[in-house]
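Trainee: Before we start, I would like to go through the terms used for this model and ask what each one rests on.

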Amino acid sequence: IAGLPNDTLSVENGVINQFSQRWTHFIDPQNQANKWIKNMEKDNGLDVFKLSDRDFLRSMENAIRFGKPCLLENVGEELDPALEPVLLKQTYKQQGNTVLKLGDTVIPYHEDFRMYITTKLPNPHYTPEISTKLTLINFTLSP
């Protein structure tokens, strides 16, 4: 449970995250999911970055290459189009290795790579295209 509250909603959200086939996008205005992910992945060398970081694609590339978990924090209602192959897990075999094309670069895809996305927006409106690429989980606390 890694520090997640023991209420039913939080446990269900954790289970959905763990067994989802797609990357998880948390609606997290109170930062609860952020803290949980950081606590859960701290021993695995979690990389944390924002879309506004100058070298976020390089950080993402390293996480994919070395099989590290990464957390993309504080995204808005739109994601960078360069993330498309990662979001869709568009991997393929090249000379016997699993690879992914990120931008103009073909990089080895490590099977241990995990990606989490969070937004602080309390009621974001995502396009259907984004909603079909990710598993959306609402981590908003209610009284």
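Mentor: Start with the largest nonpolar core, in this predicted model. It has 23 residues, of which Met-60, Ile-64, Val-86, Phe-113 and Met-115 touch the most other members.

Trainee: Which helices and strands each supply at least two residues of this core?

Mentor: Helix 3, strand 3 (69-73), helix 4 (84-87), strand 5 and strand 7 (114-119) do. Helix 3 gives the most, with 4 residues.

Trainee: What makes Met-60 a residue that touches others?

Mentor: Contact means heavy atoms within 4.5 Å. Leaving out residues up to four places away in sequence, Met-60 touches Phe-49, Cys-70, Leu-83, Val-86, Leu-102, Phe-113 and Met-115.

Trainee: What does the second core include?

Mentor: The second core is separate and has 10 residues, among them Leu-4, Ile-37, Leu-46 and Tyr-116.

Trainee: How do you know that strand 4 and strand 5 pair?

Mentor: Pairing needs at least two bridges. Strand 4 is joined to strand 5 (residues 97-102) by 4 bridges, so the two count as paired, and they run antiparallel. Within this pair, Thr-91 stands opposite Leu-100 in strand 5.

Trainee: Why are strand 4 and strand 6 said to stand at the edges?

Mentor: The open sheet has 3 strands in the order 4-5-6. Strand 4 (91-94) and strand 6 (105-108) each have a single partner strand, so one side of each is left without a neighbour in the sheet. On average, neighbouring strands are turned by 45° against each other, direction ignored.

Trainee: Where does helix 3 lie?

Mentor: Helix 3 (residues 56-66) lies across strand 5 and strand 6, at about 35° to strand 6.

Conventions. Residues are numbered from 1 along each chain as its sequence is written. This is a predicted model: local features need pLDDT of at least 70, side-chain atom pairs count only at pLDDT 80 or more; totals for chains, interfaces and linings use all residues. Side-chain values use heavy atoms; hydrogens and water are left out. Axes are lines fitted to C-alpha atoms, for helices over the stretch in contact, and angles run from 0 to 180 degrees between N-to-C directions. A nonpolar core is a set of buried Ala, Val, Leu, Ile, Met, Phe, Trp, Tyr and Cys residues joined through side-chain atoms within 4.5 Å. Buried means under 20% relative accessible area, exposed over 50%, partly exposed in between (1.4 Å probe, protein chains only).
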